[in-house]
Every structure is written in C-alpha cells, then in structure tokens.
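Q: Could you take me on a close walk through one part of this model? I would like to see how its strands pair and what packs around them, and then how another part is put together.

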Amino acid sequence: MVEINDSLSSSMDDFGENLQDLEIPDTLPMMAVRDVVVFNYMIIPLFVGRPGSVSAVNDAVNNNKLLMLVSQKDATKDDPEPDDLYRVGMVCMIMRTLKLPDGRLKVLVQALSKAGIREFLQKDPHYQVGIELIDEPDDVDITVEIEALMRTVRERTEKIMSLRGILSSDLMMIINNIEEPGRLADLVGSNLRLKVSESQQILETVDPVERLKLVADLLNKELEVSAVQAKIQSDAKQEMSKSQREYFLREQLHALKKELGDDDGFSQEIDELKAKIKKKKLPKYARKEAKKQLKRLEMMHPDASEATIIRTYIDWILDLPWSKFSKDRLDLKVAAAVLNEDHYGLEKVKERILEFLAVRKLNRSTKGPILCFVGPPGVGKTSLGQAIARAMGRKFHRISLGGMRDEAEIRGHRRTYIGALPGRILQGLKNVGTGNPVFMMDEIDKIGADYRGDPSSALLEVLDPEQNGTFSDHYLNMPYDLSKVMFITTANMSDTIPSPLLDRMEVIRLSGYTLEEKMVIARKYLLPRQIRENGIKPSQIRLDDKTLERIITHYTHEAGVRNLERELGKICRKLARKIAEGGKGPYRVSKNTLARYLGPPKFLPEAELETHMQPGLVVGLAWTEVGGELLHIETTIMPGKGKLILTGQLGDVMKESAQAALSYCRSRSKQLGVTTDYFDTIDIHIHVPAGAIPKDGPSAGITMATALYSAIIGKSVKKCLAMTGEVTLRGRVLPIGGLKEKALAALRAGITKIIIPRENKKDLVEIPEELRRKITFYPVKDMDEVIEIAIGKIKKRNVRRKTGSGRSKRAAA
C-alpha cells in the first residue's frame, strides 16, 4: 500500500466542509488518465504530456479549476476514442500546476465528486463532456454485520501492511477513525495493487456496503499473494544470511591457516576452480555435479588421497568441450575443391560428404553421419578422413581399435579404481577441444574381446545416432552428447565386424586403383612428397611415364599405393645420397636404369608368366582383404580308381565347389564323349598354386568346372581370359561379390576378358569407365555358355572307349 501523509486527515475534513458551498457545472473539460483510477478524497500528482491533456488542464486552470478525470481501458493508446474510455470518473480540482523543462505539466489534483459522462460535446483540442454527478447515500445505518465487515477490512489491511513492512501507526489511526463504509472502501481500494478494471469496478459500485464487500474479497486475494511473497523474501534472506555466514567463517578459517603456516595454495586452487565452474558453459547436471564435488574437495585435507581423485575429476569436467563447436564450412564448391586437392578419384565418398554438407546447410540441427570405409590397405582410408575434416573446417582425431580388448578403452574406468581415466572417446574430444570433430576409428574389423569385456558392444552406443546423444562414460558418470561428432571407421573387410555394429554404419567400399589412377596419384601426390621429404629438388630427378608404369607393374602388386610410395622413396633416397656426395644432376631414371635403384623386378604380370595355356589350366578370380587376386587352377587326369585329389590348402566351401564341378562333368558324360564308367577308371587332381596360403569361397566353382572340362577333352581355354562364379549341380552360375576388386586384379595381370554371372551385370556400373573399355565382360547364366566362351563350341563327340593297351582313344567326330 502507498504511504499516506499526515496532512491527509485534515485536508479530508476541510474538503467535506468546502464541498457544501462548491457548485459543479454540468459541462467540464475531460482528461484521460492511464494505469490509475482516481477515488473519492484522493490527492494525487499527475504528469501531463499529451497535447489534448495539456489543453484540458489549461482550460480548467483558466476557468474554475475543475477537471473531469476518467481512466483509459487500454493504456497503450495515445489518442483514445470515446469507446476507449470508462464512463464513470471523478470531478477533481486542480490545486497546483508546475511546468517541467521537457514541456510536460506536473499537476496536483484533489478528487471532489464521483460523476458519469452523459455526452461528449467536443474532441479537439481536448474533450469537453457533459457530466452528471453520482450521489451516494449520506447516512448508512451501521449494523452488526456492517461493523464486522469494517473490522475485517481494517484487520486484513493491517496484516497486509505488516507483511509488506510498511505498517504505519498514523495510517492505521486514519483507517480506524473512518466510520463510513464507503469512505473506508475508497481509501483501502485506492491503495491496493489492483488492475485498472478491478479498481474501476469498485469506483462504479454506488452502494457503500456493496463496495466494502467487494474490497473485502479483493483483500482476501491480496492477503494470500502477500503471504506467499513474504515467505519467498524470508527464505531468500535466510539463504543469503547463510551464504554470508559461510563466507565469513571460510575467510576466518583461511586467516587461521595462514597464521598457522598451513596455507599452501589449496584455498587459492579452490577459488580458481570456483571461478572456472562459474565461467564455463556447462549443462545444468554437469554444473551441479561439479559444484557438489568441489564442495567435497573443499572439506578435505589437501593431502588426502581422495582429494587428488576429485581434483582430477573436476578438471576433466572443465576440460571437456560441452558447448564449444567448430563452425562448419558450408560452401560446397570450396569443400569439393579441398577434397579434389587431397585425393584423386573416390567419387562416391566425396559425393557423400558433399551431400552431408548440403543437408547441414539446410538443417543445422542434423546429426553427424556414421561412415565406414571398407577397402584394402593403402587406398587412402585414413588420409581421406583428414581431408574430410579439412574440407568441413573441423578438427580431426584418430584412434586405432586394432587389438583393443578392454571395454574400458571406450567407456572409461570407474573412479573407484586407482589411475582411472575416461575412455578414448572423451580423451580425444578433450585433445581437439571441440564437440564436433571428425573422429576416425581405424581397424574396426580387428577389434577383440576377452574377460575384460567386449569393446564392440560398447561401440554400439557410440556409433548409434539415436543413442550417442546421451553417451555415458563410466568415469564421467553423466550423459555426454556425441551426436554432433562425425564418426568415420575403417576396415579391410566387413565380414569380421559384428552384425549389430555393422548395421549402425553406412558402409562405403574403396576397391582400389587402376594403373592410370596410380600413375596420376604418383605424379600428383606421392613423388612430390618423397622429393620434399628426402631433401632433393624436382629439377634433379627425371622419371618418365613408361618408367613409372614399370615400377607399378613390376615392383608392386597391390590394390592401394602404399608400396608404390615406398619404391619411389627408395629411388629418391639413392639420388639424395648421390647429390650429398657432390653430384649435381639431374638424374634420369629410365626402364634400363631402374634395376640399379630397385633391383630386379619383384613381380611379373600373369600374362608374362603364362606364355601359353594348357588343357586343364584356367585362371580364376578371388577376393581377399588386400584386394583382388588371380587363382591359377590346374587339373590333371591320370589312370586310377575314381579319386578326387584336392591340394593347395582349400577350405571346406572350395572343396564342395570342386565336388559340385565333378558332379556336373559326370552328368555331361555324353557331351564330353566319355562312357559313364570313365570316371571310375581315372583319378582327378585339382591343385591351386601358392599352397602355403589358405583359400576358400564359392566363386571358383565355374573355374574348377571349366578346368576339369578342359582336361577331359584335352583342349585349352582361350588366352587372356579369367572367370568367376559359383556353380550348381545342374550347371547354373550364381552371383558373387567383390567384382570390382577382381576386375582390377585381372587388369593388373593383363587379362582382357572376364566371364561373370549374369546376375552380376548390374554391378558393372560400379566399375570405372576406363576399366570397362579395357576389359570385355561376358555375363552367363549356365555352364554351357561358360564352356562355349572359354573353350569354343564343342562338336558332337564319339564316346571314348578303352583300347587293349589300357589307353583311351578319341574317335573322329
């Protein structure tokens, strides 16, 4: 309630006497007031600034100093219309005016009588209205009920004032001395913090008793609000007093420690940690935990063993990038230029990264993708991750999962263990200092498991976009958001990756490079890097394309370019030695002088090894974790008792393929020109060279069947031809995988024709166009087509029978 001055009582008494002689005209200038309702007997200062209001005040001052005041319904309107004004207001007398420097008027008015607006006579330059005074009953019989109501209003008013701390004995004396219900209602209502509409409702209530009842109801509501407000202020004051007391005691303790010589900087460290927690942008739960642990640390002796653990834990909370993120480079042209600058080819990977950046540009809240690069060694999986980070403008961090067997490497150790630390994920984020780096996990296919847990199971949460937003590390023991991190994993093969883990990643396969791609990579990246690292100048070495091609074909045999860079480094080192010994150069490395630097060729293309094909010898194609490989399957037939001999460390699946190939050939005895008991009189030996290397898989089925077919009829297959596909007992050719890797291996060996299953025809779009131009692919659906392409159309043959000497003859067709 507002404070009422001591002169109010006397002015109210004088006002009652003067009102008898005052004559109020029925036409007066009117002024609208905002955010206030003027009641009977009020003396109130007003600040007048609107032109219409200033004009109304001046008109009143120049005449009888009487002014009609009404309240606006909407306080935001500067030029209210008649409909924006209440119809009941107060006739007031202007007691004093003061012109302020800013042009406004300060007016002190005294309310004389309640009146209603009968009509609006003019609007400009100010409102002129016709009024009608509203008379109130002079004598009200004070019954017991009315007396009880007045006491209730006085008591509640006193309680509210007490709760608000503004209780005044003078004011309560004025309130207690008022014996008229209407005057009491107006005095209390004018000092309640009410809305304009509620105050206007009190003003418009003519009956004094009803007006007092309305004020009593509003007092009830105000009393509840004041009680709650007082409780809130009391609690806040108590909390403040408690904080001040703790601060005072802490300062005393600090001073005592300093006098005793025990102050070794521990208090200063506590203050620094408090300042860091206050400054660091932390989630609410992280800030709460940090303050809790700091309070525990503050109560401990600095030499206590647990103090070190808590101090380290708080440091980890403060060092993690909770709300610090790198700004993504969302210019797709610049990102594409960076990717092309660092890597040649690999269009599918580059396209996927640019797609992510495009989505990120349109939707800033998108989650980071989980990519898995699968491919042989040396194709650039790890360096591609670094290029992606540079293209996106993000930090890069790499960890190796190869041989990892402890789940704590991912989730961290619990703080109860000595030397506990968070897992490698949070350690990496702390090192890079941002919450959205490109995070590469190498060798995910070589992860292990033992009695300490299964790291691959822990990675399920890390690499799941729906779960990693609340990743829980055992050491941190609170959620951490990994959804903004772009995770990239690498593997040589996807077969050993657990299925649930593989299902959470988007697999992108990097098959390897063609000869042309390797030459471009060597010219653009590998050779300049080796020249720079070995301290020689580009002008001191001459290496033509033919020599570079010979290095690739005769000194390396790989899907990637790692060994190629080693060979180029070996050449540069030998040239560096010559230059260091006084040579000036330039030195030309040609095909004829290549052996001086690299020694004799380590590999010969398969076409040079096999100058001519023999019956029973067929070239197959296989897929390994280091890329495609050629399989020379040899078959020989000798007199025997129907045995099938398999050598070359063949796996179970490959042995079954050999059995299926034999069954297929036996079912084609008539076409082969042999009797049905022919296979009971011979032994068949199938051998796959490189016997020290284990081999398995179904894709050599048609190769074994063709080799067996060729050995039986004594006719060799065509040169520069290879094949791959699974065979059934009925001669159907089933699809295989790894077609691109196998095609690259065939091209490295100089093979120009490949027989493939017809269902793999759709995979040809994945093979580079220059590779398709050099190799002719023959899609087939059964073994008859394979034999026709590999050996030629077989004419109808006479049945081969035994001669008297035990040898078989072949009759003319």
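**Around a covered strand**

A: Happy to! Let us start with strand β7 (residues 370-374), which runs parallel to strand β12 (residues 486-491) and is joined to it by five bridges. Please keep in mind throughout that this is a predicted model. One of the pairs to look for is F373, whose bridge partner in β12 is T490. β7 also runs parallel to strand β13 (residues 506-509), with four bridges joining the two. There, L371 has E506 of β13 as its bridge partner.

Now look at how β7 is covered. Five of its five residues are buried, so the strand counts as mostly covered. In a regular strand, side chains alternate between the two faces of the sheet. In β7, I370, C372 and V374 lie on one side, with L371 and F373 on the other, and all of them are buried. Both faces of the strand are therefore covered.

Stepping back, we can place β7 in its sheet. Five strands make up this open sheet, in the order β8-β9-β12-β7-β13, and the pairing is parallel. The edges are taken by β8 (396-400) and β13, which have a single partner strand each, so one side of each has no neighbour in the sheet. On average, neighbouring strands here are turned by 20° against each other, ignoring direction. Helix α12 (residues 347-362) packs on this sheet and touches β7, β12 and β13, and its direction makes about 145° with that of β13.

Helix α13 also meets these strands: it lies across β7, β8, β9 (438-442) and β12, and runs at about 175° to β9. From α13 we can move on to a helix partner. The axes of α13 (residues 381-392) and α11 (residues 332-342) come within 8 Å of each other and cross at roughly 155°. The two helices are therefore roughly antiparallel, and α11 passes α13 in a right-handed crossing. On the α11 side, the contact is made by A335, V338, L339, E341 and D342, while α13 brings A387, I388, R390 and A391. Sorted by type, the residues of this contact comprise six nonpolar and three charged, with no polar ones.

Next, the other part of the model. Seven strands form an open sheet in the order β18-β19-β17-β16-β20-β23-β24, with mixed pairing. Its edge strands are β18 (644-647) and β24 (776-780), each of which pairs on one side only. Neighbouring strands in this sheet are turned by 30° against each other on average, again with direction ignored.

A good strand to follow here is β16. Strands of a sheet pair through backbone hydrogen bonds, in either a parallel or an antiparallel sense, and both senses are worth looking for around this strand. With β17, β16 pairs in the antiparallel sense over eight bridges, and A622 has E629 of β17 as its bridge partner. With strand β20 (residues 721-723), β16 (residues 617-624) pairs in the parallel sense over two bridges; G620 has M723 of β20 as its bridge partner. Six of the eight residues of β16 are buried, so this strand is largely enclosed by the rest of the structure.

Helices lie across this sheet too. Helix α23 (residues 652-667) lies across β17 (627-639), β18 and β19 (682-687), and runs at about 145° to β18. Helix α28 (residues 783-790) lies across β20, β23 (753-757) and β24, and its direction is about 150° to that of β24.

Let us finish with a single residue. N760 sits in the loop between β23 and α27 (769-774). Is it buried or exposed? Its relative accessibility is 1%, so N760 counts as buried, the cut-off being under 20%. Leaving out residues up to four places away in sequence, N760 touches P735, I736 and L739.

Definitions and conventions: Residues numbered from 1 in each chain as written. Predicted model: local features only at pLDDT ≥ 70, side-chain atom pairs only at ≥ 80, totals over all residues. Heavy atoms only, no water. Axes fitted to C-alpha atoms, helices over the stretch in contact; angles between N-to-C directions. Parallel < 35°, antiparallel > 145°, perpendicular 65-115°, else oblique. Left-handed = near helix turned anticlockwise from the far one by under 90°. Contact = heavy atoms within 4.5 Å. Nonpolar A, V, L, I, M, F, W, Y, C, P; charged D, E, K, R; others polar. Pairing = 2+ DSSP bridges. Buried < 20%, exposed > 50% of the residue type's maximum accessible area, 1.4 Å probe, protein only.
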